[in-house]
Structure formats: C-alpha cells, structure tokens
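Let's walk through this one together, from the annotated domain down to a few backbone oddities. Have the structure open as you read.

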Amino acid sequence: MATADPGDVAGVLLAAGSGRRMGTPKALVEFEGERLADRGVRLLAEGGCDPVLIVLGAAEVRVPGAVAVRNPEWATGMGSSLRAGLAALPASAGAAVIALVDQPLVRPEAVRRLIAAYRAGAAVAVACYGGAPRNPVLIAREHFVEVAALARGDVGARPFLRARPELVTRVDCDGAGDPADLDTPDDLRVLGSR
C-alpha cells in the first residue's frame, strides 16, 4: 500500500519504437494536427503527472515540457524502454504513470483516475475500458525493481501485472477515452474518422 504521503506521480511515455508497420517512428506521426509524441506528453501532464519523461530511440524528438530519456537498446523492444524510463525517474517520484505513444484517444481523465486510485492507497492501478485492462498503468516506486526485472523483449509491465494480480487495482476508465492502438496507416485513417 502507498504511504500517507505517497510523493509525486511522474509520467513516462514510451515512444522509442521504429514504427515498422507504420513506416515511420510513431513518435513523429501526426494525429489531428499534433505529433503523437506531443499528444502523449500532454496526456500525462494534463492528467497530473510531474515530471513527464519521454523515452526515445528510433527518432529524436524535442517535446516542450518533457524530459527526454534516450534508450540505446530501443530495438530490443518495449521492455528496455520501460526499464530506461523507470531508471531515469527522480527520487521524488513515488509512482509513475506509464503510457504508450500509440494510443492517441486516451484522455487525461484516465490518468487522473489512476492517480486518484494511488492517492487512495493503490500501489498498482490499471486503466480498464469495458472491463478489460489496457493502458495507461500506474506503478508505485516500491515495485519499480520487480517491474524492470520482468520487462523483457516487446512487453512492458504485463509480466509483472500477471505475476502479481493481488496488487492490481482495476480503474474504470469508461468515458475517459479509447485505448485503441495506432499501428498502421490504416489504423491512422480509421482512428482519425472516429
């Protein structure tokens, strides 16, 4: 359980991939006139995260208001990006909300709900849409080492969440956006028409 004074909640945006199926790094893709990198940083900041870190690899992106974290092992998958982001967090961060750059329809309200669950005592909080767990997720500092140890290949926090279900607080995020992934140019067209 989180302490009475749980500390700041930081944001970590995972944005290091090459976007192989998209044909360009997703951080650079524009959605509704805004790069996904900027949109993801705004999601976390407006949701209440401070500071916000963006983990980069395949593309260099400058995003105002975000601390860039370079993942030299980005090509090995999302796990290394999650490890890099957690390792770069300041000591003042009692928890971190982890978001993915390719979910542009998630809204700041989802992040606010995760932080509220943390402030109420949840050590791990997962956004759920229609009852299904998705992203973003919030993880308290006391679990960073275990999360990082299990984050390998192209998976992030999922192995930890599956290994420790008793820690997970499911947070209803219906009405706080849509967790649909943007993986291909077709996805970009479909999501842009919603």
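In this predicted model, the C-alpha atoms at the two ends of residues 11–164 sit 22 Å apart, and the span is 31% helix and 26% strand. That stretch carries a label in UniProt: an unreviewed entry places "domain: MobA-like NTP transferase" there.

Now zoom in on helix H1, residues 36–47. Its twelve residues should span 16 Å at 1.5 Å a residue, and the end C-alpha atoms are 16 Å apart, so expectation and model agree. How many of the twelve residues of H1 are buried? Nine are, so the helix is mostly covered. Among them are Leu36, Val41, Leu43 and Leu44, but also Asp38 and Arg39. The buried residues pack against strands S1 (8–14), S2, S3, S4 and S6 (93–100), plus helix H3 (108–119).

Step just past the end of H1 and you meet glycine 48, with a positive phi of about 115°. A little further on, the peptide bond from aspartate 50 to proline 51 is cis, with omega near 0°. Proline 51 belongs to the loop that links H1 to strand S4 (52–56).

There's another cis bond to look at, joining asparagine 135 and proline 136, with omega about 0°. Here the proline lies in a strand, S8 (residues 132–140).

These spots catch the eye because most peptide bonds are trans and most residues other than glycine have a negative phi. Glutamate 32 is worth a look on the second count: its phi is near 50°. You'll find glutamate 32 in the loop between strand S2 (30–31) and strand S3 (34–35). Is glutamate 32 buried or exposed? Its relative accessibility is 55%, so glutamate 32 counts as exposed, the cut-off being over 50%.

Methods. Residues numbered from 1 in each chain as written. Predicted model: local features only at pLDDT ≥ 70, side-chain atom pairs only at ≥ 80, totals over all residues. Heavy atoms only, no water. UniProt positions renumbered as here; feature names shortened; annotations may be inferred. Helix = DSSP H or I, 4+ residues; strand = E, 2+ residues; numbered from the N terminus. Buried < 20%, exposed > 50% of the residue type's maximum accessible area, 1.4 Å probe, protein only. Expected span 1.5 Å × (residues − 1). Contact = heavy atoms within 4.5 Å.
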